[in-house]
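Let's take a walk through a protein chain together, starting with the big picture and then stopping at a few residues along the way. Have a look at the sequence and the structure first.

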Amino acid sequence: MSGAALGLEVVVVFFLALFLLHRYGDFRKQQRMVLFGTLLAWYLCFLIVFILPLDVSTTIYKQCIIDHEKHAVTPTVTTVSSNQTTGNATVPPTESIPKACTKPWSYIPNGIMPVFWRVVYWTSQCLTWLLIPFMQSYARSGGFSITSKIKTALIENAIYYGTYLLIFGSLLIYVAVHPEWHLSWYELQTVGITAANTWGLFLLVLLMGYGLVEIPRSYWEASHHGHLLIKTYFKVAKLMTEKADSEENLEDVMEEVRKVSESIKYNHPLRKYIDTVLRKCPVEYQEKMGRNMDDYEDFDDRQNTYPTEKSLAKLHKQVIYAVQRHNRTRVQWQMLLEEAFHLEDVAKNETSSSREFVRSFASAEPPGWFNRYIYTPTVEWYWECMLKQWFYRLLGVVLSLFSVAVVWSECTFFSTKPVLSLFAVFIQLAERDYNYLYIEMACFITIFFLCTCVYSTVFRIRVFNYYYLAPHHQTDAYSLQFSGMLFCRLTPPLCLNFLGLIHMDSAISHQAKEQTAYTSIMGSMKVLPIIANGFYIYYPMLIVILCIATYFSLGTRCLNLLGFQQFMGDNELTSDLIDEGKELLKRERRKRQRIEDGENRRREWRERYGNREQNAARNRNIQQSEMQETNYAETANAGTGRQAKYSRTSSQPERDCIELLEDAEPLDFNADMPSDDPLGAESGRHTGGRYLSMSSSQSRIFDDV
């Protein structure tokens, strides 16, 4: 059973990491090396989080066995209470015998967990400090060959790796020269692990302080549809600005590509690089550049100045970035419009008396069996208009209580007598009864909440346009690898912090207890007492200040003062952007309504006049066959000298039908549409309110009858 539990979690975590990578990455377009590196980093970090509760329960079982062995060696301790003597009668003393140790259902045999943690930890550290930075530079390089990309990546990481080597070499020299320090290889390894965990803990507290406040507040605000809709209007206006900026940037880059493509002809040695750049451009730009290029014109080195391979590599890098940014903003714009339309539909349906959810625009995909039989319009109305907001409020309250418990435990986890950490109290109560299932569930919920606060912040933060995790397969390679690097650096100190909260780390709790296999891999912090007794204990207390700053939105206010547009309810600029978002949404709604009306008119036309068109086609085939038979008869009778005359053998009613079909002309149903309709210009339909036959540029439908 123990091996099955470990194997099941390994498989489940793999599919979880694969699902998240599929949501944010693009399996078809991105490089396999980038996808594999990101998947491996996410998988190892999630694996640590899911396997750690099993390590805790196994350690508690081992501690129980040790206690029983000590009890069997030492004399039996007897206790006599005051109520055990009554008059001359004396009650025999009772023995304090510990309970029998029961093996947990997820027990992992000895020797497996240390090897497992050692492989997982050192693989993740090699990824975050060595491989991923190199792969980031390789993916962002605009080189046209593998050799040039590797060269660019090595040059960009020379300072990065050189700094680490300089620091590490200085420490080695200092340790070697210092007469009182004689560090072994194990102690030196512990110093390196401690340095990496210290850097991770510094960043961990910053991200966790934001997530502990922002996650409960986001669910509480989501329960108020009015506030959420206003915030969505703000996002629409802000994203529209970014979308226009990305389109303008793409136009500038494509113009530069066009100039370079026209200057370098087909027989130029650098033409193959230009073709590589053109393949990364959008299809419509490729067609324009293909029409404007004359491949029959030779190049002349004496008349023109041509770009170098280095400048073309730089242009290639700009094209990749511009196309990625344009596609990302375009997809985000569509997703944000769907969200805004849905919120407006919820606001309209809240006052509906029919208690059935009605959407403004029908879904393009046909409804599945779940929407037909379970999630019906009535069920959707009760969920969207009544139950959802109360569920989010309840969830916000529960998450707020969890956040308060985490903040309190972070400030008091160093106290062992009395035990003030709430999570340590819960684990110790379950440890008395050896309720391993409760221990594992409590550990998993606690560490899962901590990881949610930290990882969600990693997914939310945005460093201009260089780091941004966008869903719907729109995250670039650099951001994917940067997130994997952050996960590998944050997860080990996060797990150590969790073990400190439940008093399973002897370096912090200073208790003579059995250590977990994960703590044994991290090494003893006694090598650096200033870190174990100072930084690891008092630095997490700063999370209180960070939570207060996040609650009052101090970071948002500072960014707003610096010129970055942020959602502030009492700001004039925010009000202007909200009004702009409303107008943009109205325009998009009218545009979609016109498209939907046009589709409905075309569908009605086909249903109304489709049978007549079929009859006309059938009559046309009959006429052609009769004419062929008549021509064959004329050819056969030509030798006899008789004059052959033919006429149509169809009856008079059929000829009348054909004449009516020839005279039938469809009306222009866009007569009541305004003349500035962009859809009419795109589709080429006449909008003057006349018959189509009166327009010289239009051809009649039944001209070929």
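The chain contains 23 helices and six strands. Keep in mind that this is a predicted model. It has 705 residues, and 40% of them count as buried. The area that the chain exposes comes to about 40,500 Å², with carbon and sulfur atoms supplying 60% of that. What about contacts along the sequence? If you take the contacts with a separation of 6 or more, 76% of them are between residues 24 or more positions apart.

**Three histidines**

Now let's zoom in on some histidines. Here is where each one sits and how accessible it is.

| Residue | Place | Relative accessibility |
|---|---|---|
| His326 | helix H10 (residues 309–349) | 17%, buried |
| His473 | loop between strand E6 (467–468) and helix H15 (477–501) | 33%, partly exposed |
| His503 | loop between H15 and helix H16 (506–509) | 1%, buried |

Why does His326 count as buried? Its relative accessibility is 17%, and buried means under 20%. Who does His326 touch, if you skip its neighbours within four places in sequence? The answer is Ser246, Glu247 and Leu250.

His473 falls into the middle class because its 33% relative accessibility is neither under 20% nor over 50%. His503, at just 1%, is buried.

**Backbone oddities**

Most residues other than glycine have a negative phi, and most peptide bonds are trans. With that in mind, check out the backbone at these spots. His473 isn't a glycine, yet its phi is positive, at about 65°. His503 also has a positive phi, near 60°, and is likewise a residue other than glycine.

And where does a cis peptide bond turn up? You'll find one joining Lys417 and Pro418, with omega at about 0°. Pro418 belongs to the loop that runs between helix H12 (377–412) and helix H13 (422–433).

**A patch of charge**

Last stop: the surface. Which residues gather in a patch of negative charge there? They are Glu572, Asp576, Asp579, Glu580 and Glu583. Let's pick one of them, Glu572, which is part of helix H21 (residues 572–637). Is Glu572 buried or exposed? With a relative accessible area of 62%, Glu572 is exposed, because that class begins over 50%.

Conventions:
Residues are numbered from 1 along each chain as its sequence is written. This is a predicted model: local features need pLDDT of at least 70, side-chain atom pairs count only at pLDDT 80 or more; totals for chains, interfaces and linings use all residues. Side-chain values use heavy atoms; hydrogens and water are left out. Patches are made of residues with over 30% relative accessible area and no salt bridge: like charges are joined within 9 Å, nonpolar side chains (Val, Leu, Ile, Met, Phe, Trp, Tyr) within 5 Å. Accessible areas come from the Shrake-Rupley method with a 1.4 Å probe; for residues, only the protein chains shown count as cover. A salt bridge is a side-chain nitrogen of Lys or Arg within 4 Å of a carboxyl oxygen of Asp or Glu. Lys and Arg count as positive and Asp and Glu as negative; His and the chain ends are not counted. The place of a charge is taken as NZ of Lys, CZ of Arg, CG of Asp or CD of Glu. Helices (H or I, at least four residues) and strands (E, at least two) are DSSP runs, numbered from the N terminus. Buried means under 20% relative accessible area, exposed over 50%, partly exposed in between (1.4 Å probe, protein chains only). Contact means heavy atoms within 4.5 Å.
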